[in-house]
Amino acid sequence: MNPKVLGIALSDISTSLIFYPDDEALIFPTVISKRKGEESWVVGEDAYALALDGKGIITDKLLKLTRKDGVATIDGIRYEGKEILKIYFREIINVGMEKLYKEKPEEVVVAMTGLDEEIVVDIREAFVGLGYQPNHIHIISKEESFIYFVLSLKKDIWNNKVGMYDLSDVSLTYYEMLVNRNSRKLLVNAESENMDEAFNLQILNNPSGAKLADKILTSVAEKVMDKKKFSSIFLTGQVFAEHEWADGFISYLCSRGKVYLDTNIFAKGAAFKGVDLASENSIYNLVAICEGRLRTDVFIDVESQGKVSKIYLAKAGDFWDEPNTELLLIPDDREVIEINIASVAGKTKKTVPIALDFLPKRPIKTRRFYLRTRFIDDKIMNLEVEDAGFGDMYPATDIKRNFEVNLWD
């Protein structure tokens with residue numbers, strides 16, 4: 001039985017929905033309007049139309065408003081940004097279910113860029129407020145949805161480097177992905193870069209502007225793909241639905257590898273991720289190294305019964321919002337604990353010493369402390385060290401200290 005999965009690609013410009021197993025996408029401008037004098041909302045193009053007709057009050061840049069804890073006054077009522085975002089999610093899902101005759105999804109996966117602790121919490125709370133179960137709400141990066149989309153295709157498409165260009169009215173982003181199959185699990189690394197050469201898509205409305213846009217894209221491709229071999233290259237974004245204006249660009253890409261076009265890669269990849277999560281056993285069996293996922297192993301060396309072993313605080317490929325750890329440790333006679341950080345391939349490693357000299361002075365083996373981890377994002381780990389005392393002999397104090405550890409630069 002196929003799981004009911006909703007894949008969402010979210011940005012401040014547009015939002016795409018895929019209701020798995022269908023591959024038809026619904027695309028909305030990320031805007032919402034409230035009907036004046038009514039508790040009724042409309043989204044996307046209908047929101048623009050309502051506002052132009054003078055019957056609605058439009059709100060856009062919903063992610064930006066939520067990120068800055070903004071407030072919008074609409075029809076005399078103050079709404080927090082995250083509350084408007086929740087209403088927007090409710091409305092686009094309702095529209096999607098009505099148009100495509102779908103039931104309420106069981107798994108929701110949102111793909112976006114710029115993952116941070118606050119926006120992830122706000123989006124999760126929005127869906128919980130709409131009646132979805134917390135463990136069935138997932139927020140991933142667009143890099144990760146790119147990975148799942150590509151791996152859903154035939155192996156000859158991803159047996160070497162895979163490139164992708166995502167073009168919108170405000171950005172041009174280049175993605176690159178590589179699969180390492182020399183392990184029990186597929187190790188997949190994906191990275192992206194926002195290019196300075198982005199341009200307003202309105203220049204495509206005249207021949208000279210279209211010619212300039214073609215030259216810009218070709219120049220970018222020559223710069224980022226020089227001397228690299230690709231098994232496939234993808235183009236995504238609604239602007240590529242009609243791509244005759246980009247003949248020079250596409251011709252260059254064809255000289256580097258096979259070129260494919262799909263305007264809804266991120267929503268589809270999010271849906272495939274949801275299917276994998278809903279499956280009893282993973283379909284893809286991969287470790288993703290990308291935005292939102294840790295790029296390093298983090299561990300400490302401990303001694304137990306005369307043997308030294310590693311205790312992992314987190315592993316490469318873990319989602320940074322999940323691997324929170326609490327350990328009760330007894331230090332040796334040193335006033336330091338060493339945090340080891342190693343790349344996923346083990347080729348690079350660094351050690352970060354954390355001083356323990358602020359803890360109460362007690363005899364060896366009667367000093368205990370809690371070590372707690374919390375990840376701010378995929379680059380920074382917060383460590384909390386707290387005195388744990390030693391039974392009635394040495395009651396615990398309220399002494400504790402927090403440290404920030406940079407996992408990679």
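Helices α3 and α4 sit oblique to each other, in the sense that their angle falls outside the bands for roughly parallel (under 35 degrees), roughly antiparallel (over 145) and roughly perpendicular (65 to 115). The model is a predicted one, in which local features need pLDDT of at least 70 and side-chain atom pairs count only at pLDDT 80 or more, while totals for chains, interfaces and linings use all residues. Numbering starts from 1 along each chain as its sequence is written, and side-chain values use heavy atoms, with hydrogens and water left out.

The α3 (residues 81-100) and α4 (residues 117-129) axes pass 9 Å apart at about 55°; axes here are lines fitted to C-alpha atoms, for helices over the stretch in contact, with angles from 0 to 180 degrees between N-to-C directions. Helices are DSSP runs of H or I with at least four residues, strands runs of E with at least two, numbered from the N terminus. On the α3 side, Lys82, Leu85, Lys86, Phe89 and Ile93 take part in the contact (heavy atoms within 4.5 Å).

Then there is the sheet: an open, mixed one with 6 strands in the order β15-β14-β11-β12-β13-β16. β15 (258-261) and β16 (286-289) are the edge strands, each with a single partner, so one side of each has no neighbour in the sheet. Inside it, β11 (residues 161-167) runs parallel to β14 (residues 230-236), the two pairing over 6 bridges, where pairing takes at least two DSSP bridges. Asp166 has Thr236 of β14 as its bridge partner. Helix α8 (residues 265-278) packs on the sheet and touches β11, β12 and β14.
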